[in-house]
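Here are some worked exercises to try with the coordinates open in your viewer. Have a go at each task before reading its solution.

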Amino acid sequence: MKRVAMWFFLSCKRYMRKWSFLFILLLLPLGVLAAGQAQKKGSRDVNIAISVDESGENALGNALADSLVNRPRGEDAGMFRFYLCRGEEEVKAEVASRRAECGYVIYAGLEEKLDAKSYKRSIGVYSAPSTVAAALSTETVFAALMKIYNGELLADYVAENELFDPLGTAGGEAREKAAAQGRDGEDRDVAGSQTDVFPVRGLVAVYVFVTGLYGAVVMCGDEERGLFLPLSYGYRIPCRVASMAAPAVMAGVSGLLALWAGGVMTSLPGEAAVMAGYCCVVIGSAWILRLVCRRPQVLCCIIPFLVIGSLVFCPVFVDAGRLFPGLDQVGRLFPPWYYLQVFR
């Protein structure tokens, strides 16, 4: 075992001397960090106008508007910025001029209407035809109202009120999901859940996979040159595996740095354990491919096919399984594609 560990250490040292390989190892975390900074600079708040009808008693409406307007700022607050208008006409004007992506009008007697389960003209929404902000912000408004009012009654409110038409028709899946949140008292901001759009985990998974295949190609070349012949028979296979595992493990460390740079790392021990398991799967799959292909030239030829298959079958940029039901089962025939999905 000591000899195998020494072989692994020397293999890592061998790759460290390759400046091109070191550049690639550092490129991923630095690229993810730069992409994250650019994404933060490019992000902007979505303005949403809101007004409260003061023609009658509307304590609940005022409390709802206050909770939306005074939402905490920062990364966890989502992308919506609510601001007060003096009346319904001003909300219409703000939406028409596109200063606001959409607008809400909380009509008088909101609490009484909810108590009586009379949801007509309780909250009105104005939205430009070319925006999807109304469909997203509706659940944010609902979550704020849920904090103040009874969740069970709000479930009926979601199912029947036209305010939630952007979520789909009554009885649809989206409406049922929103109603279930009301019954369970779940507070969720849809905008906040959509801020992580850069597929860091998917790219890291493909990156480690490709590096593992590259290690198999180099190891096949070493076999052809007779590098392992001086070893005793019992050490040849373990040392071959150690040589092939070196670049995959180094890529795994680089991938963990990329997760940290991308701000998606949950806990270092947990992420390291998942990465270690994934590296073992990649190394095992590369070893099987090495036995099938035998020659490094053949293995090099199939790497582009495997990379494209990983990007397609394992939703990194596009989830092909949603476009073609049953396509995910094809990915399960080859272990790395399946584990890419698990790792992501």
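**Exercise 1. Which residue in β4 is the bridge partner of Y104?**

Before we start, this is a predicted model, where local features need pLDDT of at least 70, side-chain atom pairs count only at pLDDT 80 or more, and totals for chains, interfaces and linings use all residues. Residues are numbered from 1 along each chain as its sequence is written, and side-chain values use heavy atoms, with hydrogens and water left out.

Step 1. Find the strands: these are DSSP runs of E with at least two residues, while helices are runs of H or I with at least four, both numbered from the N terminus. Strand β3 covers residues 102-106, and β4 covers residues 123-127.

Step 2. Check the pairing, which requires at least two DSSP bridges between two strands. β3 and β4 run antiparallel and are joined by 5 bridges.

Step 3. Read off the partner: Y104 bridges to V125 in β4.

Step 4. Look at the other pairing too. β1 (residues 46-52) pairs with β3 in the parallel sense, again over 5 bridges, and S51 has V105 as its bridge partner in β3.

**Exercise 2. Decide which residues cover each face of β3, and whether they are buried or exposed.**

Step 1. Fix the cut-offs: buried is under 20% relative accessible area, exposed is over 50%, and partly exposed is in between (1.4 Å probe, protein chains only).

Step 2. Count along the strand: 5 of the 5 residues in β3 are buried.

Step 3. Split by face. C102, Y104 and I106 sit on one side, G103 and V105 on the other, and all of them are buried.

**Exercise 3. Work through the salt bridges of R86, E94 and E224, starting with the total for the whole structure.**

Step 1. Set the criterion: a side-chain nitrogen of Lys or Arg within 4 Å of a carboxyl oxygen of Asp or Glu. A search of the whole structure gives 9 such salt bridges.

Step 2. Take R86, which meets E90 at 3.5 Å, N to O. R86 is exposed at 77% relative accessibility, and E90 is partly exposed at 23%.

Step 3. Move to E94, whose partner is R99, with the closest N and O atoms 3.0 Å apart. Here E94 is buried at 10%, whereas R99 is partly exposed at 48%.

Step 4. Finish with E224 and R295, where the closest N and O atoms are 3.9 Å apart. This pair links distant parts of the chain, 71 residues apart: E224 is in helix α10 (residues 200-224), and R295 is in the loop between α12 (268-293) and α13 (296-313). E224 is partly exposed at 46%, and R295 is partly exposed at 46%. Elsewhere, R14, D222 and R225 are joined into one network by salt bridges that share partners.

**Exercise 4. Check the length of α10 against what its residue count predicts.**

Step 1. Compute the expected span, which is 1.5 Å times one less than the number of residues. For the 25 residues of α10 that comes to 36 Å.

Step 2. Compare: the end C-alpha atoms are 37 Å apart, which agrees.

Step 3. See how enclosed the helix is. Since 20 of its 25 residues are buried, α10 is largely enclosed by the rest of the structure.

Step 4. Look just past the end of α10, where G226 takes a positive phi of about 80°.

**Exercise 5. Which element gives the most residues to the largest nonpolar core?**

Step 1. Define the core: buried Ala, Val, Leu, Ile, Met, Phe, Trp, Tyr and Cys residues joined through side-chain atoms within 4.5 Å.

Step 2. Find the hubs. The largest core has 48 residues, and V204, V208, L213, M244, M275 and Y278 have the most contacts inside it.

Step 3. Name the top contributor: α10, with 12 residues.

Step 4. Zoom in on V208. Leaving aside neighbours within four places in sequence, V208 is in contact (heavy atoms within 4.5 Å) with A248, A251, G252, M275, Y278, C279 and V282.

Step 5. Note the second, separate core of 22 residues, which includes F80, C102, L114 and A144.

**Exercise 6. What is the mean pLDDT of the protein chain?**

Step 1. Recall the scale: pLDDT is the predictor's confidence in each residue, from 0 to 100.

Step 2. Read the result: the mean is 75, and 70% of the residues reach 70 or more.

Step 3. Flag the low stretches: pLDDT is below 50 over residues 185-197 and stays under 50 over residues 317-344.
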